[in-house]
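Work through the exercises below with the sequence and the coordinates at hand. Each task is followed by a solution in steps.

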Amino acid sequence: MTERTLIKHLAARDDGPVTVSGWVDTVRDQKKVQFVVLRDESGALQLVNPRNDETADIADTISNLSNGSFLTVTGDLKHDERVKLGGIEVKLSGIDVVGAAIPETPIAEDSSVDKRLDWRFLDLRRPEQNLIFRVQTTFEHALRSWWVERDYIEIHTPKLMASASESRAELFEVGYFEGTAYLAQSPQFFKQMAQPAGFGRVFEIAPAFRADPSFTSRHATEFISIDAEISWIAGHDDVMRMHEELLVAGLTAVKEKHGEEITAAFGVEVTVPATPFPRIPLAEAKRIVADRGYVVPRADEDMDPEGERQIAAYVQEEFGSEFVFLTDYASSIRPFYHMRHEGDASLTNSYDLIFNGVEISTGAQREHRIDVLEQQAREKGLDPEELGFYLDFFRYGVPPHGGFGMGLSRVIMLLLHQPSIREVTYLFRGPNRLTP
Ligand code: AMO
C-alpha cells in the first residue's frame, strides 16, 4: 500500500523533502508569492510558492486551482514560528492535480442542513464532521471490546421479518416474492432467542427500521440500534448495571482518545459518568417534574420530551449526573414482553435511560413464563398465532433474561451537543430523505 503522510504528523518531522496529499482549502494568489492551504482529514498545512522563472509552471497550476481539488504535492518542509498554521510550511517543488473539483461549490458553511445532506460527501469533509465519525468509531469499538472481554457473543439477526416486533404502526412493508415481509424494527425477538439457545449473553450493533413519520431531531426511519440481551438476571437492575458499566467504558475511551479535540471543535467537555446512575421510578419522576411547575403527561403516558428535559435538569442539579434511569414504567405503555412487577401487574420491570435530557435507551426484564406471556400478548390485542415462533422460545426451557436497545446516533448527538441526529448519521434516512 502507498505510504501516506498525514498533515498532523508533519510538525514532528525534521525539515526536508516531503510528499503530501489533500484538498485545496484556500488559495492566496499574490504577485510575488502564492499560498495554498491544503487540508486532509487530520489537519491543514500552508504551501508556499515564491514566483520566479523556475516556479512558473507551479504558479500557473496554482492560479487555476479550484477549491476542493485533490492534490499531491512535493516540497521542502520548513519549521517557522511565524507561520500561524501550525508553525510549518512546505515550499513547493511539484504539484499534481489528481482530482480537479468543479469551481462552484454547491454548499457553504451556512447552508441549511437539508442542503448539506444533499451534498453529504462534501459536508463530511469538514474537520468537525470527520471528528464525529472518529468518535463514533472509538465509542462502538470500546463497547464491542467491553462485551467481547466478558465473553458475550456477537449476533447478526435478520432484518427481513414475517411480522412486527414492536408497534405495528411503525412497520415498513416490502414486497417479498408472492408475499409481504417487514423490515425489522428491533432485533428484540431474535436476541431473546439466544437465551433458550444457550448463548447466555449476546449483543448486536445493526440497522433498525421504523416507519415513523416524525421530523424531530431524534427520529430517523433507519438507525443503528445497539442491543444486548443477558440471561440469569434477578431483575432489571442487573441489566441497568451492565448498561451503565458499558457506557462508562465507551465514554472513557472517547475521552482518552478525543477529549481535547472534542473540546476544541465543539466546546464540550466529555465527562465519564460516576456509577451507579441515579434511578428514579417513572411515577416519582413525574411528581418531581410537576413540582418544578411542568404539566406532566398522564400517569398512563410516557414522559414527553419536555418532561425528559426537566427530569434531566433535576438530576444534574441534585446528583451532578448527565444520565438517569427512569424505571418501573406502567404496563399500559410497555410492550407485552416486559415482565410485570410481582404483586403489581400495573408496573413493569423496565427502564428508559435519559442522557442530557433525551431518551437514548429502553431496557427491561422479559417475561419468560409462557402462560403469563401469552396472557399479556392477548391483553395487548396480539394474536398468539402470529407470534408462534417467538412463543415457542418459552416452551423449551428459557432462563430469566433481559436486555436493552440503544440508538447509536442519539448517544453521539447528545455526547457532542449536536442539534440533530442528522449531523451524526453518515447518511440520514427520514420520511422525505432516501438520497444520497
Ligand atoms: P425502543 O423502541 O425504545 O426499544 O428503541 C430503543 C432505542 O432506539 C432508539 N430509537 C430511535 N433512534 C432514531 N430514530 C428512531 N425512529 C428511533 N426509535 C428508537 C432510541 C430508543 O431509546 N426492543 C426495544 C429495546 C429493548 O427492550 O431491548 C426497543 O426497540 O434511542
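The exercises treat a predicted model and take up its ligand site, a pocket, a cavity and some backbone details.

**Exercise 1. The ligand shell**

Describe which residues surround the ligand and which elements supply them.

Step 1. The ligand has 20 residues around it, and those that come nearest are Gln188, Lys191, Glu359, Thr362 and Arg366.

Step 2. Assign the shell to secondary structure. At least two shell residues come from each of helix 5 (188-193), strand 17 (358-365) and strand 18 (401-407).

Step 3. Sort the shell by character: five residues are nonpolar, eight are polar and seven are charged.

**Exercise 2. Polar contacts and burial of the ligand**

Find the distances from ligand atoms to N or O atoms in the side chains of Ser186, Arg210 and Glu359, then state how much of the ligand the protein buries.

Step 1. Take the nitrogen side of the ligand. One of its nitrogen atoms is 3.1 Å from a side-chain N or O atom of Ser186.

Step 2. Take the oxygen side. An oxygen atom of the ligand lies 2.9 Å from a side-chain N or O atom of Arg210, and for Glu359 the distance from a ligand oxygen to such an atom is 2.5 Å.

Step 3. Apply the cut-off. A pair of N or O atoms within 3.5 Å is a polar contact, so Ser186, Arg210 and Glu359 each qualify.

Step 4. Turn to area. The ligand taken alone exposes 620 Å², of which the protein buries 93%.

**Exercise 3. The second largest pocket**

Give the volume of the second largest pocket and say which domains line it.

Step 1. The space in the second largest pocket is about 820 Å³.

Step 2. Its lining has 31 residues, with Val24, Gly68, Thr105, Leu122 and Arg125 nearest the centre.

Step 3. Two or more lining residues come from each of strand 1 (16-29), strand 2 (33-40), helix 3 (120-123) and helix 4 (127-149).

Step 4. Domain 1 (7-99) and domain 2 (120-423) each give at least three residues to this lining.

Step 5. By character, the lining holds 14 nonpolar, six polar and eleven charged residues.

**Exercise 4. The cavity**

How many cavities of 30 Å³ or more are there, and which residues line the largest cavity?

Step 1. The count is one cavity of 30 Å³ or more.

Step 2. The largest cavity holds about 40 Å³ of space.

Step 3. Its lining consists of Val268, Glu269, Val270, Thr271, Glu322, Phe355, Asn356, Leu414, Leu415 and His417. These divide into five nonpolar, three polar and two charged residues.

**Exercise 5. Backbone details**

Locate the cis peptide bonds at Pro276 and Pro436, and the positive phi of Trp232.

Step 1. Recall the background: most peptide bonds are trans, and most residues other than glycine have a negative phi.

Step 2. Thr275 and Pro276 are joined by a cis peptide bond with omega about -5 degrees. Pro276 sits in the loop between helix 6 (236-266) and strand 12 (279-281).

Step 3. Thr435 and Pro436 are likewise joined by a cis bond, with omega about -10 degrees. Pro436 belongs to the segment after helix 11 (408-415).

Step 4. Trp232 has a positive phi, near 65 degrees, and lies in the loop between strand 11 (222-231) and helix 6.

Conventions
Residues are numbered from 1 along each chain as its sequence is written. This is a predicted model: local features need pLDDT of at least 70, side-chain atom pairs count only at pLDDT 80 or more; totals for chains, interfaces and linings use all residues. Side-chain values use heavy atoms; hydrogens and water are left out. A residue is near a molecule or strand if one of its heavy atoms lies within 4 Å of it. A polar contact is a pair of N or O atoms within 3.5 Å; within protein, one must be able to donate a hydrogen and the other to accept it, and residues adjacent in sequence count only if both atoms are side-chain atoms. Accessible areas come from the Shrake-Rupley method with a 1.4 Å probe; for residues, only the protein chains shown count as cover. Helices (H or I, at least four residues) and strands (E, at least two) are DSSP runs, numbered from the N terminus. Ala, Val, Leu, Ile, Met, Phe, Trp, Tyr, Cys and Pro count as nonpolar, Asp, Glu, Lys and Arg as charged, and the others, Gly among them, as polar. On a 1 Å grid over the protein atoms alone, a cavity is a set of points where a 1.4 Å probe fits but cannot get out, and a pocket is an open set with protein on both sides within 12 Å along at least five of seven lines; lining residues have an atom within 4 Å of a point. Grid points are joined across faces, edges and corners, and a volume is the space filled by probe spheres set on the points. Domain bounds come from an automatic or database domain assignment.
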